[in-house]
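Reader: I have a new model open and would like to go through it with you. Could we begin with the charged side chains?

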Amino acid sequence: SQDLFNVLIKLGLTEHLSIKLKYVPTNCGNIFVEQNKKQKFIATKRQPICSSVDLIGDQDLRDSLELADYVFLASSWKVWEADMLSVSLDFIDDTTDASIVIFGGKHIPVPDYKKYIGSTVQQRELSSVNLSMDHPFNKLRGVSRDPRHVFIDVHKLVCGDIQDKCSIYTSGGFLKSYDGYHLTKYGVSDLGQQLREPLLDILGL
């Protein structure tokens, strides 16, 4: 979600929008479902932090949803979150008339820094890395057919169109991410270029 906010800043869209953020700690479930339904998926060591995350019971958040024109949902989605996302969307739909934009997760393989240091810009631009992890991206793509819901495949925008491979460098040969999840400033700029038209179209700007 921080990457998305950085993209909005990069594109200058924060100047045209009134934005309210709701932060949900990692692995606590960025979904509107009852706490008892999420608890079994949350690691024991995370439960003290996550027990205070009650999106359904957050009246301030519900008031904000009622007033919103757009609701952006962004997260490092886990499989269990993807399974429950349709229920979460139903809750949001019952709370607001806003259009809902779901930003899919992303995973960028951590680079081999020895190869990075010893390679040319052209070699980096042409290279791709195999994806070795399973992700809930396909489940997210089919989570809703409601015309008010828009799904943006962030992983595809970041990694490219080749299945099970990811381009980890920008067109200028810079790393898109150092840790596989958070984008560098070059990664943000690269994603922003691809999100500009879709976001302008969604927001009517």
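Reader: How many salt bridges does the count come to?

Author: This is a predicted model, and side-chain atom pairs count only at pLDDT 80 or more. A pair is accepted when a side-chain nitrogen of Lys or Arg lies within 4 Å of a carboxyl oxygen of Asp or Glu. By this rule the count comes to seven.

Reader: Which helix holds the Asp60 that pairs with Lys20?

Author: The side chains of Lys20 and Asp60 meet in a salt bridge, with N and O 2.8 Å apart. The two residues are 40 apart and link distant parts of the chain, with Lys20 in the loop between α1 (2-10) and α2 (35-38). Asp60 itself belongs to residues 59-67, which form helix α4.

Reader: Is Lys20 buried or exposed?

Author: Its partner Asp60 has a relative accessible area of 45% and is partly exposed. For Lys20 the relative accessibility is 55%. Since exposed means over 50%, Lys20 counts as exposed.

Reader: Which residue forms a salt bridge with Asp58?

Author: Asp58 sits in the loop between α3 (47-50) and α4, and its partner is 36 residues away, in the loop between α1 and α2. The closest N and O atoms of the pair are 2.9 Å apart. That partner is partly exposed, with a relative accessible area of 44%. The residue is Lys22.

Reader: Which residues are linked with Asp93 in a network of salt bridges?

Author: One link in this network is a salt bridge of 3.8 Å, N to O, between Asp146 and Arg148. Asp146 is partly exposed at 27% relative accessibility, and Arg148 is partly exposed too, with a relative accessible area of 30%. The residues linked with Asp93 are Asp146 and Arg148.

Reader: What is the nearest side chain of opposite charge to Asp190, and how far away is it?

Author: Asp190 is found in helix α10, residues 185-203. Leaving aside neighbours within four places in sequence, its contacts are Thr170, Ser171 and Lys176. Asp190 is buried yet has no salt bridge. The nearest side chain of opposite charge is Lys176, at 4.0 Å.

Reader: How far apart are the mean positions of the positive and negative charges?

Author: Side chains of opposite charge can pair when their charged atoms come close. Taking the protein as a whole, there are 23 positive and 26 negative charges. Their mean positions are apart by 8 Å.

Reader: What separates the C-alpha atoms of Ser119 and Gly173?

Author: Ser119 lies in the loop between α6 (113-118) and α7 (121-126). Its relative accessible area is 17%, so Ser119 is buried. Gly173 is 54 residues away from Ser119 along the chain. The separation of their C-alpha atoms is 9.4 Å.

Reader: Now for the overall fold. What is the radius of gyration of the protein?

Author: The protein has ten helices and five strands. For 205 residues the globule rule gives 17 Å, and the value here is close to that, so the protein is as compact as a globular protein of that length. The C-alpha atoms fill a box of roughly 55 × 45 × 30 Å along the principal axes. The radius of gyration is 18 Å.

Reader: What share of the residues is buried?

Author: The accessible surface comes to about 11,900 Å², and 49% of this belongs to carbon and sulfur atoms. A residue counts as buried under 20% relative accessible area. Among the 205 residues, the buried share is 43%.

Conventions
Residues numbered from 1 in each chain as written. Predicted model: local features only at pLDDT ≥ 70, side-chain atom pairs only at ≥ 80, totals over all residues. Heavy atoms only, no water. Helix = DSSP H or I, 4+ residues; strand = E, 2+ residues; numbered from the N terminus. Rg over C-alpha atoms; globule rule 2.2 N^0.38 Å. Buried < 20%, exposed > 50% of the residue type's maximum accessible area, 1.4 Å probe, protein only. Areas by Shrake-Rupley, 256 points an atom, 1.4 Å probe, with all protein chains shown as cover. Lys, Arg positive; Asp, Glu negative; His and termini not counted. Charge placed at Lys NZ, Arg CZ, Asp CG, Glu CD. Contact = heavy atoms within 4.5 Å.
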